[in-house]
Amino acid sequence: MFALNATMLLNATLLEKLAAGQQRERFAAATTRVATPGGMPLAEAERIAGQPGVTGAAALLPTRVIVAQGGKPEDYPAQGLFTTGADAPLDLGVTAGAPADGLSASEYLTGQYGWRLGDRVELWLADGHRTTLPLTMIYSRDRGFGDLVLPAALVAAHDPKGLVSTVSLRSGEPLAGGAGQPATLSGAATQQGAWELLVVISLGFTAIAVVNTFAIATAGRRREFADLRLAGATAGQVHRLAGAEALLTVLVGLLLGAAVSGIVVGAFSLAQDGVPRVIVDPGTYAAMAGGVAALGLLAGALPARLVLRRRSPAI
């Protein structure tokens, strides 16, 4: 129970933290970020970017793109990008090439497909439109952003929604919000509850399995408990025996679970950014360990008390 669910929770937390860190790095130069619920037309984003005092702007249009190479179509999150000014407030961590009216791709995707700068990549846009674009830039900050970047006008023309999610602005002074800090005028929070729901379901099933295992094991020892009572052991002594066994089982289980989760989380963390982390979130880790320990002790001690309360014919 601990090994499975702690690994899922900690890996999800790690990915969330890495994505949040890259999000801050991408927009570190922005003095203002503008968004509207449901998005805005590209023309409105261009109007905002043309305000007096704005020295650079970057507008994003979220979309999906299908890449079909190697005979297997794959769907990827992507962004349509519109920029103005010499110092656009968007830093994607460019590792090769430069922004142009072509296709930009993450290091992960270029490594997966073996793309090189100048290669022409065939894509299917959100409305099924088929197009081919030259690869002009490779970037590294793709977490929470997307694996592909296309011209905003192309996305707006071929995505049924085709709306700008945010416009990041750069100016001498913030246009809104606190000085020196990007200010979001308005926006809608993204919903990422599916993974948490999966973990909750997994916790429920594994908790039921733990309780059932202890209950079945204890019920199978009724004869043993009856023999102990016939040999002169008091009910309290048998209770303490069952409690000590449950405690030993829980401690061994937690140690093994911590070892498994530590190895998996450490390897997963190392693969993400080269930094090994055994415990990503101490609070979550402690809560999980405490909850598993409490459940194990309860599941180990309570069935024994119930069995001893029922008089067996052998006693």
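In this predicted model, the buried residues of helix 7 pack against three partners: helix 1, helix 6 (222-230) and helix 8. The buried set in helix 7 runs along much of its numbering and is made up of V238, A242, A246, V250, L254, G257, S261, G262, V265, G266 and S269. An α-helix has 3.6 residues a turn, so residues three or four places apart point the same way. That spacing is worth keeping in mind when reading through the buried positions V238, A242, A246, V250 and L254.

Helix 7 itself covers residues 235-273, and its length checks out. With 39 residues at 1.5 Å apiece, a span of 57 Å is expected, and the C-alpha atoms at the two ends sit 56 Å apart, so the two values agree. Just past the end of helix 7 comes G274, which takes a positive phi of about 80 degrees.

On the helix 1 side, N11 gives a close-up. N11 lies in helix 1, and its relative accessibility is 13%, which is why N11 counts as buried: the cut-off is under 20%. Setting aside neighbours within four places in sequence, N11 is in contact with V264, V265 and F268. One of these, V265, is also on the list of buried residues in helix 7.

Helix 1 (residues 2-26) also meets helix 8 (residues 282-309): their axes come within 10 Å and cross at roughly 160 degrees. Angles over 145 degrees count as roughly antiparallel, and helix 1 and helix 8 are therefore roughly antiparallel to each other. Their crossing is right-handed. Helix 1 brings F2, N5, A6, L9 and L10 to this contact, while helix 8 brings T284, Y285, M288, A289 and V292. Sorted by class, the residues of the contact of helix 1 with helix 8 come out as eight nonpolar and two polar, with no charged ones.

Next up is helix 6, taken first with helix 7. The axes of helix 6 and helix 7 come within 10 Å and cross at roughly 140 degrees. Helix 6 and helix 7 are therefore oblique to each other, and the crossing is right-handed. On the helix 6 side the contact is made by F225, L228 and R229, and on the helix 7 side by A235, V238 and L241. This contact of helix 6 with helix 7 has five nonpolar residues, one charged and no polar. V238 turns up again here, having already been listed among the buried residues of helix 7.

Helix 6 packs on helix 8 as well, at an angle of about 65 degrees and with the axes 10 Å apart. This crossing of helix 6 and helix 8 is right-handed too. R222, F225 and R229 of helix 6 make the contact with A304, V307 and L308 of helix 8. By class, the contact of helix 6 with helix 8 has four nonpolar residues, two charged and no polar. F225 and R229 thus appear in the contact with helix 8 and in the contact with helix 7.

Finally, a look at helix 5 (residues 194-219), where A217 has its place. With 43% relative accessibility, A217 counts as partly exposed. A217 and S269 are 52 residues apart in sequence, and their C-alpha atoms are 38 Å apart in space. S269, for its part, is one of the buried residues of helix 7.

Terms used. Residues are numbered from 1 along each chain as its sequence is written. This is a predicted model: local features need pLDDT of at least 70, side-chain atom pairs count only at pLDDT 80 or more; totals for chains, interfaces and linings use all residues. Side-chain values use heavy atoms; hydrogens and water are left out. Axes are lines fitted to C-alpha atoms, for helices over the stretch in contact, and angles run from 0 to 180 degrees between N-to-C directions. Helices (H or I, at least four residues) and strands (E, at least two) are DSSP runs, numbered from the N terminus. Angles under 35 degrees count as roughly parallel, over 145 as roughly antiparallel, 65 to 115 as roughly perpendicular and the rest as oblique. A crossing is left-handed if the near helix is turned anticlockwise from the far one by less than a right angle, and right-handed if clockwise. Contact means heavy atoms within 4.5 Å. Ala, Val, Leu, Ile, Met, Phe, Trp, Tyr, Cys and Pro count as nonpolar, Asp, Glu, Lys and Arg as charged, and the others, Gly among them, as polar. The expected span of a helix is 1.5 Å times one less than its number of residues. Buried means under 20% relative accessible area, exposed over 50%, partly exposed in between (1.4 Å probe, protein chains only).
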